[in-house]
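Student: Got a minute? I'd like to go through this fold with you before I head back to the bench.

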Amino acid sequence: MDSDLIKLVNRLQDTFSNLGGELDMPQLVVVGSQSAGKSSVLENIVGRDFLPRGQGIVTRRPLVLQLIHTAVPDPSSSPPAYTEWAQFLHVDKRFTDFGEVRREIEQETFRVAGQNKGISKLPISLRIYSPNVLDLTLVDLPGLTKIPVGDQPSDIERQIRSLVTEYISRPNSVILAVSPANVDLANSDSLKLARSVDPQGRRTLGVLTKLDLMDAGTNALDVLTGRVYPLKLGFIGVVNRSQQDIISEKSMPDALDSETEFFKNHPAYRNIAHKNGTKYLARTLNQVLMNHIRDKLPDMKARLNTLMGQAQQELNLFGDGAIFGDKNQQGALILRLMNQFAHDFVASIEGTKVDMSTKELSGGARIYYIFNDVFGHALASLDSSAGLDSQDIRTAIRNSTGPRPSLFVPEAAFDLLVKPQIKLLEPPSLRCVELVYEELVKICHNCTSMELERFPRLHAQLIECVSELLRERLGPTSEYAQSLIEIQAAYINTNHPAFISGSAAAAQAATSPVPRSSTPSRPISADATNGAPMPEDGDESSSEEVTGVNGVSSRDGRSVSSTLHDRVRTTGSTTAAGAPTKSSSKSHHGPRHSSVLPPSQSHAQPGAPGTSPHTARETFLNYFFGQNGPGPIAGSSVERSNAGTAPLPTGRDMSSAEAPGPTGLMAGKRTLDGNNAAYDMRSLGKHIEAVSSSDSSSQMTQREEMETSLIRSLIASYFSIVRQSIQDLIPKAIMHFLVNHSTQQVQNRLVATLYKPELFAELLNEDEGLVAERTRVKALLDAYKEAFKTLSDINLKPI
C-alpha cells in the first residue's frame with residue numbers, strides 16, 4: 001500500500017507537471033554545497049552511473065528523479081525483458097544504456113541553460129524503473145557556491161540560493177541536507193539554508209559524506225548521534241566512491257560492499273553501522289517520504305478541493321462546448337449575449353455600470369465633458385467681430401444706404417454683418433456632434449465580457465451593428481445642428497429682451513457728446529455760399545459737433561450727408577454776377593448723395609477775387625449733382641485754415657503738382673493716363689476703384705468711428721444671445737437625435753440584425769487559442785478530481 005502511495009504521488013506529479021497544476025507534491029529535495037557529494041549519493045541510491053560529472057558546477061538544472069521499484073522479470077521469457085530502464089518526460093524514448101541518460105541530461109542542460117555555466121529553473125524529469133530501487137522522489141539541485149568561476153554570471157550565488165530556497169520552502173518538501181564530514185559542521189551551507197526555512201528541524205534529514213577522508217584521529221560520531229546538531233530525522237553517514245574508484249570504473253555493488261566494510265571495521269562507527277550506509281539511507285528516505293505523504297494527505301486533499309473550485313470557475317468562464325450542437329441553446333446564448341451587450345452599452349452612457357473606472361472619465365461622463373468643457377470653451381473662445389475690421393464695417397454701412405445718406409445706423413448693415421458672424425458657430429457645433437459620435441463608438445468597443453470574448457466573430461458583429469446605428473444617426477444629427485445655425489441666421493430678432501438692453505447701452509454710449517475737434521476759428525471775412533454771410537460759430541454750435549465724412553463739420557448730424565457739402569461753400573472770390581440763385585437753392589434741396597461713392601477732394605487753392613474757374617457746363621452739372629458732389633467742401637474756410645494739419649483728402653493724387661481743376665464727382669478728376677474724365681461716364685468705374693483704394697487707407701471721421709463702434713456693440717450683443725442659445729440647443733439636439741435614439745434602439749437593432757438561425761454557427765465560432773485553453777483547464781480539472789478521489793480512497797484504508 002505504501003509503495004502504491006508513492007507511485008500515486010509520482011503519477012500526480014507527472015500529470016500536474018504536464019498540465020501546469022499548482023499542487024505541491026511531497027518530495028525529497030537534495031541540498032548541498034558544490035562538490036559535497038550529492039550526485040554520488042543519488043547514484044549510490046540508484047545503483048547506476050547516470051549523472052554528469054566534471055569540474056566546477058555540473059548540475060545546472062533541477063533534476064526531478066523518480067525511482068520506481070519493478071518486479072524482477074522472468075529470465076525464461078522471450079524475448080528477454082529489460083531489467084532496468086529510464087525515461088524522460090521530454091523524450092518519448094526508453095533508455096537502457098545509462099551512459100545515454102547522462103548524455104541526454106547534458107544536452108538538455110545545454111539546450112536550456114546554455115554553455116556558460118549558468119543555471120535554469122526549468123526542471124528535468126527523469127524516471128528510473130529498476131528492481132533494485134525503492135519508490136522515491138528526489139530533486140537534485142545545483143550546488144551552493146560562493147564566487148563565480150569562469151564565465152559564470154556575477155550573481156550566480158544569488159541565483160542558486162533563490163532556486164534552492166524556492167524548493168525547500170514548500171511545506172511538503174523533505175530537505176536532504178548533504179554536508180562533507182571533513183569540513184566543520186558549523187560551516188555547512190546546506191544546514192544553514194535548511195534552518196532558515198525549517199528552524200525546528202522537523203523535515204530536515206542530514207547526510208554526512210566523505211567520512212573516509214577525515215583526518216586521522218577524528219570522527220563524526222557526535223554528529224551522527226545527534227549530540228552536536230539535533231535533527232528530528234537525524235544524520236546518516238555514507239561513503240561514496242572516490243575519484244580514483246570512478247576512474248578505475250569500480251562497480252556499484254563493489255562500492256556498496258566497501259562502504260559496508262568501512263562502517264563495520266571502523267572503531268568509532270562499528271556500533272552504529274546498521275544505521276549508516278547507502279542502503280539504510282534509501283530505506284530511511286522511503287519511509288520518511290511515505291510518512292510525509294501520509295501526514296500531508298489532509299492538506300493535499302484540501303488543496304485539491306480548492307484547485308478544483310478554481311479550475312471549475314475558470315472553465316465556466318470559457319463556457320461549455322456542448323451547446324454547439326443544439327440550435328435552441330445557441331439561440332438562447334446569442335440572445336443573452338446581445339442583451340448583456342446592449343445593457344452594458346446603455347449602462348456605460350447612463351453611468352450605472354458596475355465596474356466603472358476611478359482613474360479616468362468614461363462613458364457618459366466624457367459626453368458631459370464634451371458638452372460642458374470642450375464645446376463650451378470652443379464657443380467662448382469665438383470673437384464676435386472675428387474677420388471684421390473697421391473698413392469692412394464702414395463699407396457695409398455705406399453700401400446699405402444706397403444713394404441716400406442715413407440719419408441713423410442702417411439696420412441692413414447690421415443684418416449684413418451679423419449673419420457671417422453667426423456662421424462662426426457652425427464648425428464648433430458640428431465638431432461637437434463628431435466628438436460625441438466618437439465617444440459612443442469607444443463605449444461600444446469597450447462593452448465586452450469574458451464570455452463574449454469566447455466568440456470574436458459575434459463580438460465583432462455586435463460592434464459593427466451598433467456602429468452602423470450610430471453612423472445612421474450621425475447624418476441627421478449633424479444636419480439638425482447645421483439647421484439650428486441657419487435658423488439663427490435666417491431671422492435677426494432685434495426685439496429680443498437681452499438684445500434691447502445691449503443695444504440701448506450701445507446707443508447711449510454712441511449718443512454721448514463727442515469731444516469737440518480742435519478746429520481753428522474761421523476768418524471773419526469768409527463768405528457763405530452765394531454771398532450770404534456765414535453764421536457765427538455760436539449760432540451753429542449744435543450742428544457742428546459731429547464731423548462729416550471727410551472731416552468737415554456737419555450741421556444736422558446725419559451720417560454721410562452730402563447736403564452739408566452744398567450748404568457750405570467757399571471760393572477765393574465773389575460769385576459771378578450772372579450765376580443764378582436757383583443753382584444755389586437747388587444745391588440745398590437737391591438729391592442727397594450716398595456714401596457708397598467715395599468722396600473726391602480737390603486741392604485747396606486760393607481763388608482770385610471776381611474770377612471763377614467753372615464753365616457753364618460744369619454749372620449745369622453742379623446743379624444736378626451739387627456744386628462739389630459728394631466730395632469735401634472745396635476751398636472752404638476750414639480747409640484754408642487747416643491747410644497744414646487737416647488729413648489728406650481721399651480719392652485724389654496729392655503728389656501731383658498740377659494746377660487744381662474743377663471740383664465734384666464728375667468734374668476735374670484726372671485719370672491715370674492724364675486725360676480729363678469729367679464728362680466721360682465710362683471712366684466712372686475706374687474713378688470709384690481709384691478712390692476706394694485710396695480711401696481704404698484714410699482715417700475715419702468721428703461720425704464713422706461712432707457708427708463702427710455702435711455696430712460692433714450691437715454685433716457683440718446679438719452674437720452673445722445666439723451663442724448662449726446654440727450652447728443650450730446643440731447638446732439637447734445631440735442627446736435627442738444621437739444618444740437617446742441609439743440607447744433606445746440598440747437592442748432592437750441587434751436582435752433584428754443578428755438573431756438569425758442561419759448565422760448561429762458562424763457567430764459562435766470560438767477562438768482557437770481559447771478552445772485549447774479550455775481543453776487544458778478541463779483536463780486539469782479532471783486530473784484534480786481523479787487525484788482527490790484516489791487520495792480519498794487511500795485515506796479510507798487502514799494504515
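**Talking through the sheet and its helices**

Tutor: Sure. Start with helix α9, residues 278–318: it lies across β1, β6, β7, β8 and β9, and runs at about 100 degrees to β6. Keep in mind that this is a predicted model.

Student: OK, and in what order do the strands sit in the sheet?

Tutor: Going across, you get β4-β3-β5-β2-β6-β1-β7-β8-β9. That's 9 strands in an open sheet, with mixed pairing.

Student: Which strands stand at the edges?

Tutor: β4 (94–95) and β9 (235–237) do. Each has a single partner strand, so one side of each has no neighbour in the sheet.

Student: Does another helix come into this? Which strands does α2 touch?

Tutor: Helix α2, residues 38–46, packs on the sheet and touches β1 (27–32), β2 (63–69), β5 (124–130), β6 (136–140), β7 and β8. Its direction makes about 160 degrees with that of β6.

Student: Back to β7 and β8: parallel or antiparallel?

Tutor: Parallel, over 6 bridges, between residues 173–180 of β7 and residues 204–209 of β8. As one example, valine 178 has valine 207 in β8 as its bridge partner.

Student: Switching topic, how many helices are there in the protein?

Tutor: The count is 24 helices, alongside 9 strands.

Student: And how much of the protein is buried?

Tutor: Of its 799 residues, 45% are buried. The protein exposes about 40,400 Å², and carbon and sulfur atoms supply 52% of that.

Student: What about contacts between residues far apart in sequence?

Tutor: Among contacts with a separation of 6 or more, 80% are between residues 24 or more positions apart.

Definitions and conventions:
Residues numbered from 1 in each chain as written. Predicted model: local features only at pLDDT ≥ 70, side-chain atom pairs only at ≥ 80, totals over all residues. Heavy atoms only, no water. Pairing = 2+ DSSP bridges. Helix = DSSP H or I, 4+ residues; strand = E, 2+ residues; numbered from the N terminus. Contact = heavy atoms within 4.5 Å. Axes fitted to C-alpha atoms, helices over the stretch in contact; angles between N-to-C directions. Buried < 20%, exposed > 50% of the residue type's maximum accessible area, 1.4 Å probe, protein only. Areas by Shrake-Rupley, 256 points an atom, 1.4 Å probe, with all protein chains shown as cover.
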